[in-house]
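Ready to practise reading a protein model? Work through each exercise with the structure open beside you, and try it yourself before you look at the solution.

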Amino acid sequence: MDRVFITIAQRLGLGVVTLFVVSLIIAGMLETLPGDFCQAFYGQQATEKTVAECRQRNHLDESFIVRYGIWVKDAVQFDFGESLSNKRDVAQVIGVRLENTLFLAGFAAAISVPLSLFLGILAALYRYSWYDRLVNVFTLTSISFPEFFVAYILILWLSISTIGADGTPLFPNMAMVNVDTPFWTRAHMMFLPALTLTLVVVAHMMRMTRAAIINLLASPYIEMARLKGISNSRIIVKHALPNALAPIVNVIALNLAYLIVGVVIVEVVLSYPGLGKILVDAVKFRDFPLVQASVMIFAATYVLLNLTADIVTIVSNPRLLHPR
Amino acid sequence: MSATDIIPPPELAKPASMACRLGSALTVLIPLAVFAISFSADSASAIAGMVASVVFGGLLYRFWGRLSLPPIREQAIVFCILVYGAFVAVYLEGFSLYPWSTFSGLVSVVVLSMMVAVTWKETRKAPITAKFGLIIIALNILMVCIAPILAPHEQSQVLGGAYMVWGTPFADGGTAWFGTDELGRDYLSRMIYAIRNTVGIAIVTTALTFIVGAFVGLLAASLRGWVDQSLSRMVDVLMAIPPLIFALLILTVVGTGVIKLILVIALLDSTRVFRLSRSVAMNIVVMDYVEAAKLRGEKLMYVIWREVLPNAAAPLIAEFGLRFCFVFLFISSLSFLGLGLQPPTADLGSMVRDSANLINFYQYNKLMAITPLLPAFAIALLTIAVNFVVDWFLHKTSGLKE
């Protein structure tokens, strides 16, 4: 067990270093952005005096290294400063958005992960049957669709074409939730974005599940189980699945990361107030603290989920602890 | 891959058959005729195109014998050329305006038919999905080549009112088959040009991604040591930043433009190719034949180019297809967010965004409401096609049989 902890500690350390380098890259890039917040904020009315005052107020007149140092010092205490545009605490602004993003990701994951595992196991069980072929074509197709295509088709199908005489659609095509929205209303409003995301990610996970299981079916121990006369479904679920877990967990982690990180397009199409949308807007307004903090959250999500996948892989296959 | 594929049978250059000579003659004659007619319109490009077509025809004639195609396939190629020639003859008016497009269309027809002819044995046995994919890809390539001829109007030409309904005639001739966009430009023409622009950029970007990523990946695997370590860590860091957001940041910093777009996406995407080519090459560089080549005193470049690359080709080719899909979707997403090609150049993602509001008018005009879905569908169709072909290719090279 010691080795597991050492490996985890190593990976964690590497993750922290990665995050540090990412923050440095982002800070450096924001530094080279043409124009700064004060110019963008005042726009046409910018006079030299007001811009200079604004810069001083926001510490933009210090050198890059000093500002980056201050940011790192605050960031390790989880203080990400305040947003330049509306003077609110970044942690507060992002907190609400992050909650929304996580809710959506959780909603989509709750549908897509069990669904894809179920479909994948079925496809492995009835491999090369018409069901398998159908699922194969279907998943290849849904992998290929751009997110906005899926989103617009769903909007057209489930929202706009269902507007009845009273003018309300089956599902709203804009998921404008706020903090006070009760849970069920929220779930109803978020059905379309969640369904879009589900359709986008389910194919990848399902194909991986099927491939990982089928890969194992040639192993001698499966042959042995078959010779013992165990039923086909039992072989797949009890004997093959536990050993196929590592690649499946890996691809699930990758897709969960995508659900949190890569949903900008879906958020824009369905006007969902998530983290991606605020980031796009913050880049536009040169709101550096906001950009920094949200990119850090994204990078941290990615690193953490990868770490989890690695740990599961190692735990499920102890041979990996002793690299040759 | 069977033994006969690896060791080609000794082949004598056989004398060119009748069909072959006919084909070569036609490849030169068709564009020649078009250039002769278009000479009055635009003499400089007509002359350049004529020179190019003569060079192309000559090369074709010179190397045709090397392809060692059985007679029936040569005739198939000639047939394709004849069909193309017939199209040129029937729509001579359109083709004579764009000699360069005529020429590149011819090249694409010849190259595609040759590729099909050379791989005919496998192609015939391909599943229906892969055949469908191949046809869609071929149509897209042809569309990229001869877009100006196919499109009834220019991409930035304002012809009528904004958001005209499907099938309305324009004031000065022609019909808006798919209506007009928000500035009154013909939607169909813009879509054809958009396919040309987006697909063209995606192909260039993917090629660049591959050249950079695969080369650096193979280099890292062959050199090992600190080069490998530092490159890998760098890639790890780059991959920890979500690509769409990273691209958004970089493009905001450097500004938008075709060249910048290509370079940024190629840089971000080559990290993925690096990962794959490195891990594939890692298993190859420890093989005995690579060791032997090194002991022979071969240079590093020779080892990479002649020993490692050919053995890593199959997974890399499959990855090329998947990368193309990814880059294509990525460019569309970026332009959907307004950071892709800048107007008035048409591209698929921004066309979806600009006409997205039409979707709300479903109750009033159903055809108008699905207009924004058309460019999105064009994206989806090509991506599906490439995915189907890659799936088939992977199935074939991995040796998985039922």
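## Exercise 1: A residue in the core

Task: In this predicted model, find which residues A:Phe148 touches, leaving out those up to four places away in sequence.

Solution. Start within chain A, where A:Phe148 touches A:Ile265 and A:Val269. Next, look across to chain B: the list goes on with B:Ser332, B:Ser333, B:Phe336, B:Gly349, B:Val352, B:Ala376 and B:Ile379. Now widen the view to the largest nonpolar core, which has 151 residues. A:Phe148 is among those with the most contacts inside this core, along with A:Val22, A:Tyr152, A:Val269, A:Val295 and B:Leu334. Apart from that core lies another, of 22 residues, including B:Leu60, B:Phe95, B:Val110 and B:Met114.

## Exercise 2: Where the chains meet

Task: Work out how much area chain A and chain B bury between them, and which residues of chain A lose the most.

Solution. Begin with the total: the two chains bury about 3,700 Å² between them, and 82% of it is on carbon and sulfur atoms. Then pick out the leading residues of chain A: A:Phe148, A:Tyr152 and A:Leu156 lose the most area to chain B, together 16% of what that side buries. Finally, see who takes part: chain A brings 45 residues to the contact and chain B brings 40 residues.

## Exercise 3: Charged and polar links

Task: Find how many salt bridges cross the interface of chain A and chain B, and say which residues form a salt bridge with each other.

Solution. The count across the interface is one salt bridge. A:Arg207 pairs with B:Asp391, and their closest N and O atoms are 3.0 Å apart. Two residue pairs are in polar contact across the interface. As for helices, H1, H6, H7, H13, H14 and H15 of chain A each supply at least two residues of the side that touches chain B. H1(A) gives the most to that side, with eight residues.

## Exercise 4: Two buried polar residues

Task: Decide whether A:Thr139 is buried or exposed, do the same for A:Ser294, and describe their surroundings.

Solution. Take A:Thr139 first, in helix H6 of chain A. A:Thr139 counts as buried because its relative accessibility is 2%, and the cut-off for buried is under 20%. Beyond four places in sequence, A:Thr139 is in contact with A:Ala203, A:Met206 and A:Arg207. With A:Arg207, the side chain of A:Thr139 makes a polar contact of 3.4 Å. A:Leu199 is 60 residues away along the chain, yet its C-alpha atom is 8.9 Å from that of A:Thr139.

Now turn to A:Ser294, in helix H15 of chain A. Its relative accessibility is 0%, so A:Ser294 is buried too. A polar atom of its side chain lies 2.5 Å from the backbone oxygen of A:Leu290. Outside its sequence neighbours up to four places away, A:Ser294 touches A:Ile94, A:Leu275 and A:Leu279.

## Exercise 5: A long run in chain B

Task: Compare the reach of helix H9 of chain B with its expected span, and find how many of its residues are buried.

Solution. H9(B) runs over residues 187-223, which makes 37 residues. From its first C-alpha to its last it reaches 52 Å, close to the 54 Å expected. Of the 37 residues, 26 are buried, so the helix is mostly covered. Just after H9(B), B:Arg224 takes a positive phi of about 55°.

Terms used:
Residues numbered from 1 in each chain as written. Chains lettered and ligands numbered in written order. Predicted model: local features only at pLDDT ≥ 70, side-chain atom pairs only at ≥ 80, totals over all residues. Heavy atoms only, no water. Helix = DSSP H or I, 4+ residues; strand = E, 2+ residues; numbered from the N terminus. Expected span 1.5 Å × (residues − 1). Buried < 20%, exposed > 50% of the residue type's maximum accessible area, 1.4 Å probe, protein only. Core = buried A, V, L, I, M, F, W, Y, C linked by side-chain atoms within 4.5 Å. Contact = heavy atoms within 4.5 Å. Buried area = accessible area lost by both parts, 1.4 Å probe. Salt bridge = Lys/Arg side-chain N within 4 Å of Asp/Glu carboxyl O. Polar contact = N/O pair within 3.5 Å; in protein donor to acceptor, adjacent residues only side chain to side chain.
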